[in-house]
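Please open the model in your viewer and keep the sequence panel beside it. The stops below run from the whole chain to single residues, each with a selection to make and a description of what is found there.

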Amino acid sequence: MTGTVFVEFKVDRNGLVTDARVVRGPAIFHDAALSAILQFTFKPAIQNDKPVSVRMTKPIRFRLNNSQ
């Protein structure tokens, strides 16, 4: 089973992910995609030499193998 889930989220001034939500993708992967994105940390965006929060969208790709 494979699929791509697009997650929209905000990166705050500290580089932490907040306000994550699934935009689209197979429902079976929604919880795992949100859990994964909340573990990310980013270098914050800079505007006028100060860190600022910014909204982003990231695709999370899944590929489940059924090897027995």
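Begin with the whole protein chain in cartoon view, bearing in mind that this is a predicted model: its secondary structure comes to one helix and five strands, and along the sequence these follow the pattern β-β-α-β-β-β. The radius of gyration of the protein chain is 14 Å, well over the 11 Å that the globule rule gives for 68 residues, so the chain is more spread out than a compact globule. If you orient the view along the principal axes, the C-alpha trace spans about 55 × 20 × 15 Å.

Stay with the whole chain for a moment and switch on a surface. The accessible surface comes to about 5100 Å², and 48% of it belongs to carbon and sulfur atoms, while 21% of the 68 residues count as buried. Colouring by charge will pick out 10 positive and 5 negative side chains, two sets whose centres lie 6 Å apart. As for contacts between residues at least 6 apart in sequence, 60% of them join residues at least 24 apart.

**The nonpolar core**

Next, select Val5, Val7, Phe9, Val11, Val17, Val22, Phe29, Ala33, Ile37, Ile60 and Phe62 and show their side chains, since these 11 residues make up the largest nonpolar core. Which elements give two or more residues to this core? They are strand S1 (2-11), strand S2 (17-24), helix H1 (30-37) and strand S5 (54-63). S1 gives the most, with four residues, and the next selections therefore begin on that strand. Select valine 7, which lies in strand S1 and counts as buried, at 0% relative accessibility. Not counting residues up to four places away in sequence, valine 7 touches Ala20, Arg21, Val22, Val23, Ala33, Leu34, Ile37, Met56, Thr57, Lys58 and Ile60. To set a distance against this, draw a line from valine 7 to lysine 50: the two are 43 residues apart in sequence, and their C-alpha atoms are 26 Å apart in space.

Move to valine 5, another member of the core, and display what surrounds it. Leaving aside its neighbours within four places in sequence, valine 5 is in contact with Val22, Arg24, Gly25, Pro26, Phe29, His30, Ala33, Lys58, Pro59, Ile60 and Phe62.

Phenylalanine 62, the last name in that list of contacts, is the next selection. Phenylalanine 62 is found in strand S5 and is buried, with a relative accessible area of 18%. Apart from neighbours within four places in sequence, phenylalanine 62 is in contact with Met1, Thr2, Gly3, Val5, Phe29, Ala32 and Ala33. Between phenylalanine 62 and serine 35, which are 27 residues apart in sequence, the C-alpha to C-alpha distance is 13 Å.

**A partly exposed position on S1**

Return to strand S1 and select lysine 10, whose place is in that strand. Is lysine 10 buried, partly exposed or exposed? With a relative accessible area of 27%, lysine 10 is partly exposed. Its contacts, leaving aside neighbours within four places in sequence, are Leu16, Val17, Thr18, Asp19, Ser53, Val54 and Arg55. Lysine 10 and arginine 21 are 11 residues apart in sequence, and 9.7 Å separates them in space, C-alpha to C-alpha.

**The loop between S3 and S4**

For the final stop, select asparagine 48, which is found in the loop between strand S3 (45-47) and strand S4 (50-52). Phi of asparagine 48 is near 55 degrees, a positive value in a residue other than glycine, and asparagine 48 is exposed, with a relative accessible area of 68%.

Extend the selection to aspartate 49, which is also found in the loop between S3 and S4. Phi of aspartate 49 is near 65 degrees, again a positive value in a residue other than glycine, and aspartate 49 is exposed, with a relative accessible area of 77%. To close the tour, draw a line from aspartate 49 to threonine 2: these residues are 47 apart along the chain, and their C-alpha atoms are separated by 41 Å.

Key. Residues are numbered from 1 along each chain as its sequence is written. This is a predicted model: local features need pLDDT of at least 70, side-chain atom pairs count only at pLDDT 80 or more; totals for chains, interfaces and linings use all residues. Side-chain values use heavy atoms; hydrogens and water are left out. A nonpolar core is a set of buried Ala, Val, Leu, Ile, Met, Phe, Trp, Tyr and Cys residues joined through side-chain atoms within 4.5 Å. Buried means under 20% relative accessible area, exposed over 50%, partly exposed in between (1.4 Å probe, protein chains only). Contact means heavy atoms within 4.5 Å. The radius of gyration is taken over C-alpha atoms; the globule rule is 2.2 Å times the number of residues to the power 0.38. Accessible areas come from the Shrake-Rupley method with a 1.4 Å probe; for residues, only the protein chains shown count as cover. Lys and Arg count as positive and Asp and Glu as negative; His and the chain ends are not counted. The place of a charge is taken as NZ of Lys, CZ of Arg, CG of Asp or CD of Glu.
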